[in-house]
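What follows is a walk through selected strands, residues and contacts of one chain. Please keep the sequence and the coordinates open while reading.

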Amino acid sequence: MTQSPNPSALPQFSQLTMQGEDAEKFLQGQLTCDVTKLGLSYQAAAICNLKGRIEFGIWIKKQAEKHYDVVISSDCADALQAHLKKFGAFSKFDTSESIAIYPCVLADEPTFSHKDDHNTAEDTEAWMACSLATGNYWIVAATQGEFQPQELRLHQRGGMDYDKGCYLGQEVIARIYFKSAPKAFLHYVKDSDVVPAAGDKLDKIQVVNAMENGNGFTALVVARPEQLAESTLSILDLPAALQVDVARPK
């Protein structure tokens, strides 16, 4: 394994706000989820590239009519702003500057807060641990364009809609969903080795996120089941909804 610098650094997140007459229509043509179904709770979603791979992993909620709050890893925030400016040049909406938002756990769920009380290493570490255990992956700059959303079980978390119409990468994503299935997909694992960084390869197994845990690490990885069976990694249980087959139900 080639270890990236400072793999144990705590993640940081930014929020930007989109408001305006065309905000919903624009987002509907960008996001994997159905924007018309969003509410006041953060929904994991993605903006994909034309190859059907996640370019921006986000959480989004509808704060008010024509008003959406988007959370993203801070090292992807500038790239997202550039993407929105490029693709939204002829749409009527305004995008705010990014501001810091803090990961935390509320009611046993990983979420985000603007309260300074949640701006602590303990809150971030609790969020990381809860996120790994619940499949709440986070895409960082090192993993942009690495994963297809179905590989990360985003469809099993309400973050994809196969009936809403076109969006970036939709043709590739729909083809995989309706005509095949990913051979490698998201697993929650642990090991006694040093903690890897996002995007690192453990042989043919790719790390999505990881954190130190006692004498080793826990992680979300994308792998084929047979690759895991041949590795030293121990498989842990994800929530029941994320343990079903990633293929389309038949």
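In this predicted model, M211 stands opposite T218 in strand β11. The pair belongs to the junction between strand β10, residues 205-213, and strand β11, residues 216-223, which run antiparallel and are joined by seven bridges. In a regular strand the side chains alternate between the two faces of the sheet.

These two strands are part of an open sheet of five, whose order is β9-β10-β11-β8-β12 and whose pairing is antiparallel. At its edges stand β9 (201-202) and β12 (234-236); each has a single partner strand, so one side of each is left without a neighbour in the sheet.

Strand β8 covers residues 185-191 and includes D191. What does D191 have around it, apart from residues up to four places away in sequence? With those set aside, D191 touches G216, F217, T232 and L233. D191 is buried but has no salt bridge: the nearest side chain of opposite charge is that of K190, 9.4 Å away. A salt bridge would require a side-chain nitrogen of Lys or Arg within 4 Å of a carboxyl oxygen, so the distance of 9.4 Å to K190 rules that partner out. The side chain of D191 does reach a polar atom of the backbone, namely the nitrogen of D193, at 3.4 Å.

L233, one of the residues touched by D191, lies in the loop between α5 (225-229) and β12. Is L233 buried or exposed? Its relative accessible area is 10%, and L233 therefore counts as buried. Leaving out residues up to four places away in sequence, L233 touches V189, K190, D191, L202, I205, F217 and L228. The C-alpha atom of L233 is separated by 9.4 Å from that of T218, and the two residues are 15 apart along the chain. T218 is the residue that M211 faces across the β10 and β11 pairing.

A separate set of pairings involves strand β1, residues 13-19. Six of the seven residues of β1 are buried, so the strand is largely enclosed by the rest of the structure. With strand β4 (residues 67-73), β1 pairs in the antiparallel sense over seven bridges, and in this pairing T17 stands opposite D69. Strand β6 (residues 99-106) is another antiparallel partner of β1, here over three bridges, with F13 opposite I101. Two bridges join β1 to strand β5 (residues 94-95), again antiparallel; there Q19 stands opposite D94.

The cysteines remain. How many disulfides does a search of the whole structure find? The result is zero. For C48 the reason is distance: the closest cysteine sulfur, in C33, is 11 Å from the sulfur of C48, which is too far for a bond. C130 is in no disulfide either, and the nearest cysteine sulfur to it, that of C104, is 10 Å away. A disulfide would need two cysteine sulfur atoms within 2.5 Å. Both C48 and C130 are on the buried side of the 20% cut-off: C48 has a relative accessible area of 2%, and C130 stands at 15%.

How values were computed. Residues numbered from 1 in each chain as written. Predicted model: local features only at pLDDT ≥ 70, side-chain atom pairs only at ≥ 80, totals over all residues. Heavy atoms only, no water. Buried < 20%, exposed > 50% of the residue type's maximum accessible area, 1.4 Å probe, protein only. Helix = DSSP H or I, 4+ residues; strand = E, 2+ residues; numbered from the N terminus. Lys, Arg positive; Asp, Glu negative; His and termini not counted. Polar contact = N/O pair within 3.5 Å; in protein donor to acceptor, adjacent residues only side chain to side chain. Contact = heavy atoms within 4.5 Å. Pairing = 2+ DSSP bridges.
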